[in-house]
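Biologist: Please take a close look at the surroundings of the ligand in this model, and set that part in the context of the chain.

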Amino acid sequence: MSFIRRNKDEITDFDYIIVGAGSAGCVIARRLIDGTEASVLLLEAGGTDEGIASIANPSQWVENIGAAHDWNYTYSPSPHTDDRSIFLSRGKVLGGSGSTNALIWLRGNRTDFDDWAQAGNPGWDYDSVLPLFKRSEDWEDGASDYRGSSGPLHIERAKNLHPVATALIDHFRSTGSGREPAGPPDSGRLMFRREASLTRAQ
Ligand SMILES: Cc1cc2nc3c(=O)[nH]c(=O)nc-3n(C[C@H](O)[C@H](O)[C@H](O)COP(=O)(O)OP(=O)(O)OC[C@H]3O[C@@H](n4cnc5c(N)ncnc54)[C@H](O)[C@@H]3O)c2cc1C
């Protein structure tokens, strides 16, 4: 269990308690205390990420899978998976799966969001969530209709691509499948492309 205190005073009452200091929990905690006097208890089952090389160095992210800081879940066998038990990696560490993931920045497909809204979830359609995505981004090329430039998450294209990856991207571009990142980020078209990476916060 990890604790980060906002100040040295012992606090026993909290305005909010958040269980899980993963991607969502950390953002919610930050939003709740930014510019407010709110007190937040953020509980995390895993430990600190200090000293874990595969977290500090994103290119080693694969080593996080099955590590001691992974929940190492396994799905129950199901007829839908031909009765197989499938392994599911989830980060058990400060930052959660956001600390153990591959740092690929990929926005969901417009139709998925719109389907959720149509299923009775107002506010989840693509046009409604787009400003929120933009607000989170600090895109290396600056703001556009689809990208933000003043958010807390710096996003840039992956550097030093393997020649095979470059050839693959060039091929998709030549077939009209490759989209420029400033354009509509439809997931189907970007699936095989490591469009951008983030720098893990230290
Ligand atoms: C190996 C891997 C690679 C991935 N690659 C990418 C990628 O490249 N790009 C991308 O966009 N997404 C990727 N993802 C998915 C992405 O990381 C997750 O969708 C996202 O982090 C989920 O956020 P979350 O807040 O829902 O959960 P998490 O970030 O997993 O946070 C949940 C937190 O809750 C804690 N917790 C759970 N139970 C308790 C409890 N009872 N008490 C206290 N704490 C608890 C966990 O330890 C964890 O820290 C990847 C995921 C994994 C596992």
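Modeller: From the N terminus on, the order of elements in this predicted model is β-α-β-α-β-β-α-α-α-β-β-α-α-β. That comes to seven helices and seven strands. The chain has 202 residues, of which 16% count as buried. Among contacts with a separation of 6 or more, 50% join residues 24 or more positions apart.

The shell around the ligand holds 26 residues, and the closest are Gly20, Gly22, Gly96, Asn101 and Ala102. Two elements give two or more residues to this shell: helix H1 (23-33) and helix H3 (97-100). By class, the shell divides into ten nonpolar, 13 polar and three charged residues.

Ala21 belongs to the largest nonpolar core, a set of five residues that also takes in Cys26, Leu42, Val93 and Leu94. In soluble globular proteins, nonpolar side chains tend to be buried together. Beyond its neighbours within four places in sequence, Ala21 is in contact with Cys26, Leu42, Glu44, Leu94, Gly95 and Gly96. Gly96, one of these partners, is also listed with the residues closest to the ligand.

Asp15 sits in the segment before strand E1 (16-19). Its contacts, with neighbours within four places in sequence left aside, are Ala38, Ser39 and Val40. Asp15 and Ala38 are separated by 23 residues in sequence, while their C-alpha atoms are 6.1 Å apart in space. Asp15 counts as partly exposed because it has 13 C-beta neighbours inside 10 Å, and the partly exposed class lies between the limits of 12 or fewer for exposed and 20 or more for buried.

Two loop residues deserve a check of their backbone angles. Asn72, in the loop between helix H2 (53-56) and strand E3 (73-74), is not a glycine, yet its phi is positive, about 55°. With 14 other C-beta atoms within 10 Å, Asn72 is partly exposed. Asp83 lies in the loop between E3 and strand E4 (87-88). Asp83 is not a glycine either, and has a positive phi of about 60°. There are 9 other C-beta atoms within 10 Å of Asp83, so this residue is exposed.

Further along the chain, helix H6 covers residues 163-174. At 1.5 Å a residue, its twelve residues should span 16 Å, and the end C-alpha atoms are 16 Å apart, so the expected and modelled spans agree. The number of buried residues among the twelve of H6 is zero, which means that H6 lies largely in the open. After H6 comes Gly176, with a positive phi near 85°.

As for confidence, the chain has a mean pLDDT of 85, and 83% of its residues reach 70 or more. Over residues 187-199 pLDDT stays under 50, and for this stretch the model has 38 contacts beyond four places in sequence. Where pLDDT is low, the predicted coordinates should not be read in detail.

Note on methods:
Residues are numbered from 1 along each chain as its sequence is written. This is a predicted model: local features need pLDDT of at least 70, side-chain atom pairs count only at pLDDT 80 or more; totals for chains, interfaces and linings use all residues. Helices (H or I, at least four residues) and strands (E, at least two) are DSSP runs, numbered from the N terminus. Two residues are in contact if their C-beta atoms, placed from the backbone, lie within 7 Å. A nonpolar core is a set of buried Ala, Val, Leu, Ile, Met, Phe, Trp, Tyr and Cys residues joined through C-beta atoms within 7 Å. A residue is near a molecule or strand if its C-beta atom, placed from the backbone, lies within 6 Å of it. Ala, Val, Leu, Ile, Met, Phe, Trp, Tyr, Cys and Pro count as nonpolar, Asp, Glu, Lys and Arg as charged, and the others, Gly among them, as polar. The expected span of a helix is 1.5 Å times one less than its number of residues. pLDDT is the predictor's confidence in each residue, from 0 to 100.
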